[in-house]
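Thanks for coming. I have one structure to go through today, and I will take it residue by residue where that helps. Please have a look at it first.

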Amino acid sequence: MIFNLYMFNREGKCLFYKEWNRPRKAYKKPEEDQKLVYGMLFSIKSIVQKLSPKAPSHGGAPRFLGFRTDVYKLHYMETQTGLRFALLTDAAADDMHDELRHIHAHYYVDFVAKNPLQSMSDSITSDAFVNHVNKYITSLNSFK
Amino acid sequence: MARNLQRAGELAFAKMEKINSEVLTLTYGSIVAQLVKDYEDVEEVNKQLEMMGYNMGIRLVDEFLAKSHVGSCQSFRDSAEVIAKVGLRMFLGVSATVSQWSQDGNEFSLVMEENPLHEFVDIPEHLRGLYYCNILCGVIRGALEMLNMRVDAQYVRCKLRGDAHSEIRVKLIEILEDQYPEDDE
């Protein structure tokens, strides 16, 4: 089951947020929730790099991939351009990194990056992007 | 990690949708011609072309990463080779060579023997200072900035000005760190 998806740019602005299944809302305003998630991801990324037992030049520069609890999993993907994706699924779901890469490569690149009228530092208003992502996520096996 | 960048460039180029080169050349030419008419000052036109390129570069880089499947670069030298062999080949159809590294490894030259944008173009005497393809300098600067590298890219030689080949000098100014957004509450 897929719960929700966050997309942040390198400045921490939430470009896209969509919920498919989130009965418990722990926030009053979505902005608070998004800021919290971004802050957490930023901190974890930094700690993950500091805790790495191997030196970065010897294959030890770690990439944060996500975390899991007994109830849900968070899958994290960051592009070299600083675009951050966080997808929450139930704990039994498989790895979703390929799916996140698909969203970036096909929907973000085509409907956001290549659209000159869509600013890269504001939330995504492109209907094409929103609809494609929605259709894609709801069509996945892991969605149910 | 030894990787064949030439091959990666060819593969990426093959995957891209193609456009008739005359349509591209003439479209670009009409952009430059319009800028020349609007601004009249050659330096200003160069600056506008660079700014247009910058806005293109910040967007192109995501497509580049998605379609070229080139992994992260380990050094600035690596980045230079990737730009020359994969990036330029993928988007412009021609690859470049990297040469004339500075002592500290922070500056290099991108040398292009041919450039599809140059076709049919002859720069008249009164536009001598024009860097016709300055948009490429902007694209490089924009793309690298999204990858946390602030660079300065300038044309130093241009085939349209009578030089043997076109050359862009790229200088690394600084590597940007991830900034935590200011809390404005």
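Which backbone nitrogen lies 3.0 Å from a polar atom of the side chain of A:N9? The backbone nitrogen of A:E11 does. Before I go further, note that this is a predicted model.

Let me stay with A:N9. On chain A, this residue sits in the loop that runs between β1 (2-8) and β2 (14-19). A:N9 is buried, because its relative accessible area is 6% and the limit for buried is under 20%. If we set aside the neighbours within four places in sequence, A:N9 is in contact with A:L15, A:Y38, A:G82, A:L83, A:R84, A:M120 and A:S121. One of those, A:M120, also belongs to a core of 30 residues that I will come to later.

Now chain B, and another asparagine. B:N115 is found in the loop between β2 and α5 of chain B. Is B:N115 buried or exposed? It is buried, with a relative accessible area of 9%. A polar atom of the B:N115 side chain lies 3.0 Å from the backbone nitrogen of B:L117. Leaving out neighbours within four places in sequence, the contacts of B:N115 are B:L92, B:C133, B:L136 and B:Y155.

Two of those contacts, B:L136 and B:Y155, bring us to the nonpolar cores. The largest nonpolar core has 40 residues, and B:L136 and B:Y155 are among those with the most contacts inside it, together with B:L110, B:Y132, B:I140, B:I168 and B:V170. Where do its residues come from? In chain B, the elements that give two or more residues to this core are the helices α2 (21-39), α3 (42-68), α4 (76-92) and α5 (134-146), and the strands β2 (107-112), β3 (149-157) and β4 (166-175). The largest share, six residues, comes from α4(B).

The other core is separate: it has 30 residues and includes A:M96, A:L100, A:M120 and A:F143.

Back to the largest core for one residue, B:V170. What is B:V170 in contact with, leaving aside neighbours within four places in sequence? The list is B:F76, B:N106, B:E107, B:F108, B:L110, B:I140, B:V151, B:D152 and B:A153.

On to the surface of chain B. B:I19, B:V23 and B:L24 make up a nonpolar patch there, with about 250 Å² of accessible area together. B:I19 is found in the loop between α1 (5-15) and α2 of chain B. B:I19 counts as exposed because its relative accessible area is 54%, and exposed means over 50%.

Next, charges. How many salt bridges does a search of the whole structure find? It finds 16 over all chains. I will show three of them.

In the first example, B:E174 and B:R150 meet through their side chains at 2.8 Å, N to O. B:E174 lies in strand β4 of chain B and B:R150 in strand β3 of chain B, so this pair ties together parts that are 24 residues apart in sequence. B:E174 is partly exposed, with a relative accessible area of 34%, and B:R150 is partly exposed at 34% relative accessibility.

There is also a network: A:E19, A:R22, A:K25 and A:D33 are joined into one by salt bridges that share partners.

The next example is in chain A, where A:K114 forms a salt bridge with A:D110, with the closest N and O atoms 3.7 Å apart. A:K114 is partly exposed at 43% relative accessible area, and A:D110 is partly exposed at 35%.

The last example is B:R128 with B:E125, at 3.7 Å, N to O. Here B:R128 is partly exposed, at 35% relative accessibility, whereas B:E125 is exposed, at 61%.

Finally, backbone angles. Most residues other than glycine have a negative phi. B:F120 has a phi near 75 degrees, which is positive. B:F120 lies in the loop between β2 and α5 of chain B, and at 57% relative accessibility B:F120 counts as exposed. B:N148 also has a positive phi, near 70 degrees. B:N148 lies in the loop between α5 and β3 of chain B, and B:N148 is partly exposed, with a relative accessible area of 22%.

That is what I have. I can take questions now.

Definitions and conventions: Residues are numbered from 1 along each chain as its sequence is written. Chains are lettered from A and ligands numbered from 1 in the order in which they are written. This is a predicted model: local features need pLDDT of at least 70, side-chain atom pairs count only at pLDDT 80 or more; totals for chains, interfaces and linings use all residues. Side-chain values use heavy atoms; hydrogens and water are left out. A nonpolar core is a set of buried Ala, Val, Leu, Ile, Met, Phe, Trp, Tyr and Cys residues joined through side-chain atoms within 4.5 Å. Buried means under 20% relative accessible area, exposed over 50%, partly exposed in between (1.4 Å probe, protein chains only). Helices (H or I, at least four residues) and strands (E, at least two) are DSSP runs, numbered from the N terminus. Contact means heavy atoms within 4.5 Å. A polar contact is a pair of N or O atoms within 3.5 Å; within protein, one must be able to donate a hydrogen and the other to accept it, and residues adjacent in sequence count only if both atoms are side-chain atoms. Patches are made of residues with over 30% relative accessible area and no salt bridge: like charges are joined within 9 Å, nonpolar side chains (Val, Leu, Ile, Met, Phe, Trp, Tyr) within 5 Å. Accessible areas come from the Shrake-Rupley method with a 1.4 Å probe; for residues, only the protein chains shown count as cover. A salt bridge is a side-chain nitrogen of Lys or Arg within 4 Å of a carboxyl oxygen of Asp or Glu.
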